[in-house]
Amino acid sequence: MENQEIRTFGRRHGKKLSARKQTLLETVLPAFLPKNIKNTGNLILEIGFGNGEHVRELSIRNPESIIIGAEPFMNGVAALLSAITDESTNEILDEYKNIRIWPDDVRKLLKDTKLLFNEIWILHPDPWPKAKHEKRRLLNSEFLELLGTKLSKNGQIIIGTDHYEYFDWIVNEVKKTALYASFPPLSIIHTRYQEKNMAQTITPKYLILTNQ
Ligand SMILES: C[S@@+](CC[C@H](N)C(=O)[O-])C[C@H]1O[C@@H](n2cnc3c(N)ncnc32)[C@H](O)[C@@H]1O
């Protein structure tokens, strides 16, 4: 993929982690890697989950599905691990047993996988607002085309952003693909990034993409 080397995320590491979070990354994360997953028809992917609030929501709302969350920012991965494990034993909490974590660039996961997803969620993708950074935007036509090939029959890509300029840019990128777009008024949980509302807009805009 042409854009494989262009970095679409900021930092991989942030402020120093607590001892518990460091332990979770070292000893618990390996059990969460998305290995030996079958195309069961019940797979959901969330790309760039931040601290993982919406991954947890997906897990609880879809107990029969496997939820794979992809996030290269290790402090976010640690935050999700901390929220889905028991504070004293570090054991996975029952309601989150269907979560798997890909702690890296999602493009590395998608390049080789044969997995097909019912839903692919991307909430508040990094907007990279400066013109010189536009090439870092993840949701370009090439990547959207790739996501389209990873959808199961009737699968959906759900995108939400409070950055209206990036939203319009994405809509334009979609026009270069064979995907169909619709613009439903969705109401979903507030993620950490939405709480910050860096773009100062009133409400996020949502876009659903399908293959037909
Ligand atoms: C603006 S944050 C939003 C986080 C979260 N979705 C929320 O709403 O709070 C965008 C996230 O996308 C992640 N990201 C950017 N490029 C990515 C990639 N290629 N693969 C996976 N995640 C990526 C970043 O690390 C960052 O955590």
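Which helix gives the most to the shell around the ligand? In this predicted model, local features need pLDDT of at least 70 and side-chain atom pairs count only at pLDDT 80 or more, while totals for chains, interfaces and linings use all residues. Residues are numbered from 1 along each chain as its sequence is written.

The ligand is surrounded by 23 residues, a residue being near if its C-beta atom, placed from the backbone, lies within 6 Å of the ligand. The closest are Phe9, Gly48, Gly50, Thr191 and Tyr193. At least two shell residues come from each of α4 (106–112) and α7 (192–196), and α7 gives the most, with three. Helices (H or I, at least four residues) and strands (E, at least two) are DSSP runs, numbered from the N terminus.

In helix α6 (residues 164–174), Tyr166, Phe167, Ile170 and Val174 are buried (20 or more other C-beta atoms within 10 Å of the residue's own; exposed, 12 or fewer; partly exposed in between; C-beta atoms placed from the backbone). These residues lie on the same side of α6 because they cover an arc of only 105° around the axis, taken from the directions from the helix axis to the C-beta atoms. The face turned away from this buried side carries the exposed residues Glu165, Asp168 and Asn172. The buried residues of α6 pack against α5 (141–149), β5 (151–161), β6 (180–182) and β7 (205–210), contact being defined by C-beta atoms, placed from the backbone, within 7 Å.

Beyond its neighbours within four places in sequence, isoleucine 120 is in contact with Leu45, Ile47, Leu147, Lys150, Leu151 and Ile157.

Definitions and conventions
Two residues are in contact if their C-beta atoms, placed from the backbone, lie within 7 Å.
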